[in-house]
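Trainee: I have a model open and want to learn how to read its features. Can we go through them one at a time?

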Amino acid sequence: MQAKLQQILEESKAQLQAAASVQEAEDVRVKVLGKKGALTEILKSMGKLAPEERKELGQAANQVRAEIEELLAETFAKLKSAAQEAKFREEKIDVTEPGKTVKLGAKHPVTVTIEEMSKVFKSMGFTLTEGPEVETVFNNFDALNAGPNHPARDWTDTFYISDDVLLRTQTSPVQVRVLQSQEPPIRVFAPGRTFRCDTADATHSPMFHQVEGLVVDEGITMADLKGVLDSFAKQMFGSETKTKFRPHHFPFTEPSAEMDVSCFKCGGRGCRVCKGSGWIEILGCGMVHPNVLKVGGIDTEKYTGFAFGVGVERVAMLKYGIDDIRLMYENDMRFIEQFK
Ligand SMILES: [Zn+2]
């Protein structure tokens, strides 16, 4: 019996030392001290023994039990703290680690310029409007008083999708859409993409942006046109900016003009940007041709209006000193990030 007890003790010691988890230690406990455990069986069987023998063996068995219980308690404590440490290691957060940097993008110079222009026109009471980039030939040419033989209609100048549909060559068809759907007083501006069959070079791109403007009301004159566009120039390029209107020709306006602004680089003395002239051409404009108003069903006896179109890339290139329009479409972050 004594030998059996000693064997149980030695086995339990070895098994507990080898136990790698709380569960394994618990298995040892059940095997030895559980209801049908090895030591429990011995204690149960002691009733059959003679009193002296029982006393001696009982003491030995209780001592073994106490030793095993102590070992169990130690092993449980050790394994539990090891398990907790492992959990802590797994969940460890390095509070000294720097946070993830979020790389901020930058607005494209075309977007920045359109937003600046929009702010100016909105401040003057203009409403933002838009039209489709795929337009009808009617809206892009016929309704805008371009004759059937107008050179811009040529397929070498214009991207045709079919005989009647094209990629708009200007934002002016938005004028037609507005005139057909709104009653005067009209005061709208329309930024957007336009397309022409140009080979890309430093100053040309087959896709570029314009901001169109249209005002129709009673008693609108060339003086209103000049007042609005002069104010626009001063807000865009600085309060010292002077403007000059040169006669020009567009099918959809009569009279037509191009507006120059005094060079904002040299103040008009002459430099590389203005090619020494002191002036920079910025937009085309004019009084809306009665034929265009008539397409929209506007009473030309009662109403007059003016319209203008600004080239966005041109303004952006002048403002930011960009000397090649192609840089705008190469998606080179080193270029775009300069306009943050
Ligand atoms: Zn200049």
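Trainee: Where is the place of asparagine 145?

Mentor: Asparagine 145 sits in the loop between α6 (137–140) and β3 (165–167). Keep in mind that this is a predicted model. Asparagine 145 has a positive phi of about 70 degrees, although it is not a glycine.

Trainee: Next, peptide bonds. Which residue does a cis peptide bond join to proline 185?

Mentor: The partner is proline 184, and omega of that bond is about 0 degrees. Proline 185 lies in the loop between α7 (173–181) and β4.

Trainee: And which residue does a cis peptide bond join to proline 255?

Mentor: Glutamate 254, with omega at about -5 degrees. Look for proline 255 in strand β7.

Trainee: Now the overall layout. What domains does the domain assignment give?

Mentor: The assignment gives domain 1 (2–90) and domain 2 (109–339). Their centres, taken over C-alpha atoms, are 94 Å apart.

Trainee: On to helices. How are two packed helices described?

Mentor: Two packed helices are described by the angle between their axes and the distance between the axes. Try it on helix α2 (residues 22–33) and helix α4 (residues 51–90): they pack at about 165 degrees, with axes 9 Å apart.

Trainee: Are α2 and α4 roughly parallel or roughly antiparallel?

Mentor: Roughly antiparallel, because angles over 145 degrees count as such. The crossing of α2 and α4 is left-handed.

Trainee: Which residues make the contact between α2 and α4?

Mentor: From α2 come Val22, Ala25, Arg29, Val32 and Leu33. From α4 come Ile68, Leu72, Thr75, Phe76, Leu79, Lys80 and Ala83. By class, the residues of this α2–α4 contact are nine nonpolar, one polar and two charged.

Trainee: At what angle do α2 and helix α3 (residues 38–45) pack?

Mentor: At about 15 degrees, and the axes of α2 and α3 are 3 Å apart. α2 and α3 are therefore roughly parallel to each other. In this contact, Lys31, Val32 and Leu33 of α2 meet Ala38, Leu39 and Thr40 of α3. The classes in the α2–α3 contact are four nonpolar, one polar and one charged.

Trainee: That leaves α3 with α4. How do their axes cross?

Mentor: The axes of α3 and α4 cross at roughly 160 degrees and come within 11 Å. That makes α3 roughly antiparallel to α4. The crossing of α3 past α4 is left-handed. Leu39, Ile42 and Leu43 of α3 meet Ala61, Val64 and Arg65 of α4. The α3–α4 contact residues split into five nonpolar, no polar and one charged.

Trainee: Good. Now sheets. How do strands pair in general?

Mentor: Strands of a sheet pair through backbone hydrogen bonds, either parallel or antiparallel. Here, an open sheet of seven strands runs in the order β1-β4-β5-β9-β8-β7-β6, and its pairing is mixed.

Trainee: Which are the edge strands?

Mentor: β1 (127–128) and β6 (243–250), as each pairs on one side only.

Trainee: How many bridges join strand β4 (residues 186–195) to strand β5 (residues 207–218)?

Mentor: There are 10, and β4 and β5 run antiparallel. To follow the register, start at phenylalanine 195, whose bridge partner in β5 is methionine 207. Then find proline 191, which stands opposite valine 211 in β5.

Trainee: How many bridges join β5 to β9?

Mentor: Nine, and β5 and β9 also run antiparallel. Use aspartate 217 as a marker: its bridge partner in β9 is threonine 304.

Trainee: Does anything cover the sheet? Which strands does helix α8 (residues 222–237) touch?

Mentor: Helix α8 packs on the sheet and touches β5, β6, β7 (253–262), β8 (279–288) and β9 (303–311). The direction of α8 makes about 150 degrees with that of β8.

Trainee: And which strands does helix α10 (residues 312–320) touch?

Mentor: α10 packs on the sheet as well, touching β5, β8 and β9. Its direction makes about 55 degrees with that of β9.

Conventions: Residues numbered from 1 in each chain as written. Predicted model: local features only at pLDDT ≥ 70, side-chain atom pairs only at ≥ 80, totals over all residues. Domains from an automatic or database assignment. Axes fitted to C-alpha atoms, helices over the stretch in contact; angles between N-to-C directions. Helix = DSSP H or I, 4+ residues; strand = E, 2+ residues; numbered from the N terminus. Parallel < 35°, antiparallel > 145°, perpendicular 65-115°, else oblique. Left-handed = near helix turned anticlockwise from the far one by under 90°. Contact = placed C-beta atoms within 7 Å. Nonpolar A, V, L, I, M, F, W, Y, C, P; charged D, E, K, R; others polar. Pairing = 2+ DSSP bridges.
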